[in-house]
Amino acid sequence: MRVGKLIVGACLACAGLLAALAPAAVAVPGEQGAAVEVVEPGPAPVALKAGPDGKSFWELTVKGGGAYIASWERSTGIWATPEEAGAALTGMYDCRNKAVMKFVDQFPTYQAFNASPGVKDEAGKVSFVDPATVKAMEKCLKDSSISSDQVKYVKEKTTAGKATGTVAIQIPAALTGPGTHELFIAKYALLASGNPACPSKTWAPGPDTMGGAVGGMCNPSLQDIKKFTVTIPREASATVLGGPVAAAGTWFEPSAYSNARPLDVGATSGTVGATVAGLWPAAVPALVLGVGLALLLAVPTALLSAVAGRRTGRLAGAVRIVVPVAGPPVGGVSRRRWWSTRTLGMVHGPLAFLVLVACSALAAVGQPGFGWNGGSARLALSFLAAFLLLNYGSMVFRWAIARRHRRGSFPRVAARPIYVVVLLASLAAARVVGLEPALVFGAVLAIDYSLNTEEAGPRRPALAAIAGNLFLAVMGFAAWAGYSFLAANHVETFIRWGEIQPDRVAAVNDAAGMVTVAAGEFLAVIATVAIAALPVTLLPFAPFEGALLWAWRRGAWLLTYAVAAAVFSFVLVPWPGSVGAMEGPINAWLGLHAGYAVLAGVLWAMMVLPVRGRGVPSPDPS
């Protein structure tokens, strides 16, 4: 008889597989299984796919229609060796043959056996349907641990809809677990029904009865055993970066930075023109938002600057400390920048490094799910490296513009203790207004860089500020592009797996996945910190560099801030990329700018309108 469902490797045949009816006992040769070919996965780790149930699997292609048994054909786990699987297969056939013979032995004649309802199905075909026998054979299969329930078979079909001999087997990744495994597949042959080596029952013919025999196939033997090596990667985390799943608290556990929004230019990417066309639909709203935010700052700041420059009194003096005003001091009120005082003084060298270390630790603490573990430590180191890179790089660009006015000075990593306070305030504000904390970490870079350009006039410090912020924008956008590239092209895709020893493939793949996570998140941190600093460092009042640009040319400030706010909105506001996530950050930033406009309006009114009991404002001394 045909080997039924064993065509695809499953040993789930009915009793007809095990016992055949014959009018006489004759010796027949063993039945040979058809050839079975497996398409080996190759040296690279297999690609995992997500099933409908959310569990990952990988596919293996098998060609040929013969009966076989393979590593994955087990009720739980896999067979360690072909010999183990072969022993289970032999035990299963022996057990089922005993169940059949137990049923057959109760009939004194072949005629009585043939007339029994337990040997014919509903269509009248010969088959063991006796409930007790069927139950016994099912128990034999269960006890053998041979099963195909753990995998799924997908038959390849032709254009005519007919199934071919090629089958794609979907094997769960959890069946073997990650790592390099040696699997096998082997066809097997059976001694056919009627072979003297197989159990059988023979009835001699009588005067009124005919003779007959019942026998079962037996003694399965594995043939043409094919062994192959497959490397199962760790399952990818459900993040944009797609790094491997890591245990909670370990060094390479994905953080929020694995979910940064990647650069997406749509399906039209390829050429420069197509890339620009793909970016334009998202860039237009960002530009509109940038212009709107710039105007919300410019108009009230211009009003405050104009009024505070012509008024005396404590309120006007306090405004002049923060808002740049034109003209000489009024009423002897000093306009010295408060952020250059000794209390908030600049530190260099080891002290500056310690300040940045403290800021990096606070930035890591502010992350959702923070814990005292390796993952948070790695994130803190990423922040520290980003702060050092962007701090020193910005200093170099500013120094290149202002160096003629400070002979003998060289760019150095600089910091202020106030950085720590600013970062704490930023984290607190982020919690209050509902912003993603990552969006405010750039504020630590936005405090005055203290290049001594007092003798340079307003132009050169303003150009130095533009140069430093241009560096931040370029670095941030480049880091964002690099992160997006890693999100689409993991490190392991660039490895020549054929040159890696098979026993090292799993370790190399794990290392590549960890590099993808570490490098990708580091680039996301750089992008976030650099671009988040832009709309802060360009604010048009002390202690930010935007005050220098505002004091030089307000039109230049308006253009620069609008572009900076647009870049910020384009890259960071849709965090982490879903449409629903855009509403909160946009509302928060508009609210902060609108709140400043309202506060500036109140201060302007207090300086311009008469105050009860104090008369009218002082006249313009000019």
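This is a selection-by-selection tour of a predicted model.

**Whole chain**

Start with the entire protein chain, coloured by secondary structure. The chain has 15 helices and 13 strands. Its length is 622 residues, 46% of which count as buried. Taking contacts between residues at least 6 apart in sequence, 74% join residues at least 24 apart.

**Helices α2 and α4**

Select residues 82-104, helix α2, together with residues 131-144, helix α4. Their axes are 9 Å apart, and the packing angle is about 165°. Angles over 145 degrees count as roughly antiparallel, and α2 and α4 are therefore roughly antiparallel to each other. The crossing of α2 past α4 is right-handed.

Now show side chains at the contact. From α2, pick Ala 88, Met 92, Cys 95, Arg 96, Ala 99, Val 100 and Phe 103. From α4, pick Thr 133, Ala 136, Met 137, Cys 140, Leu 141 and Ser 144. Sorted by class, this contact of α2 with α4 holds ten nonpolar residues, two polar and one charged.

Stay on Ala 136, which belongs to helix α4. Is Ala 136 buried or exposed? Neither label applies: Ala 136 has a relative accessible area of 29%, so it is partly exposed. For a distance across the helix pair, label the C-alpha atoms of Ala 136 and Ala 99. These two atoms are separated by 6.2 Å, while the residues are 37 apart along the chain.

**Ser 145**

Move along to Ser 145, in the loop between α4 and β6 (152-157). Check its backbone: phi of Ser 145 is near 70°, a positive value in a residue other than glycine. Most residues other than glycine have a negative phi.

**Strands β8 and β11**

Next, select strand β11, residues 218-232, and find Asp 224 within the strand. Asp 224 also has a positive phi in a residue other than glycine, here near 50°. With 41% relative accessibility, Asp 224 counts as partly exposed.

Add strand β8, residues 179-191, and pick Lys 187 in this strand. Where does Lys 187 stand on accessibility? The cut-off for buried is under 20% relative accessible area; at 16%, Lys 187 therefore counts as buried. Then label the C-alpha atoms of Lys 187 and Ser 221, which are separated by 8.5 Å. Along the chain, Lys 187 and Ser 221 are 34 residues apart.

**The nonpolar cores**

Clear the selection and turn to the interior. In soluble globular proteins, nonpolar side chains tend to be buried together. Which residues touch the most other members of the largest nonpolar core? Select Phe 383 and Tyr 561: of the 72 residues in this core, these two touch the most other members. Helix α12, residues 505-537, supplies the largest share of the core, with eleven residues. Another core, of 21 residues, lies apart from it; select Trp 72, Ala 173, Leu 175 and Phe 228, which are among its members.

**His 593**

Keep Tyr 561 displayed and finish at His 593, in helix α15, residues 580-608. His 593 is buried, with a relative accessible area of 4%. Which residues does His 593 touch, not counting those up to four places away in sequence? Show Leu 293, Leu 296, Leu 297 and Tyr 561 to see these contacts. Tyr 561 is thus a shared stop, as one of the two residues that touch the most other members of the largest nonpolar core and as a contact of His 593.

Methods:
Residues numbered from 1 in each chain as written. Predicted model: local features only at pLDDT ≥ 70, side-chain atom pairs only at ≥ 80, totals over all residues. Heavy atoms only, no water. Axes fitted to C-alpha atoms, helices over the stretch in contact; angles between N-to-C directions. Helix = DSSP H or I, 4+ residues; strand = E, 2+ residues; numbered from the N terminus. Parallel < 35°, antiparallel > 145°, perpendicular 65-115°, else oblique. Left-handed = near helix turned anticlockwise from the far one by under 90°. Contact = heavy atoms within 4.5 Å. Nonpolar A, V, L, I, M, F, W, Y, C, P; charged D, E, K, R; others polar. Core = buried A, V, L, I, M, F, W, Y, C linked by side-chain atoms within 4.5 Å. Buried < 20%, exposed > 50% of the residue type's maximum accessible area, 1.4 Å probe, protein only.
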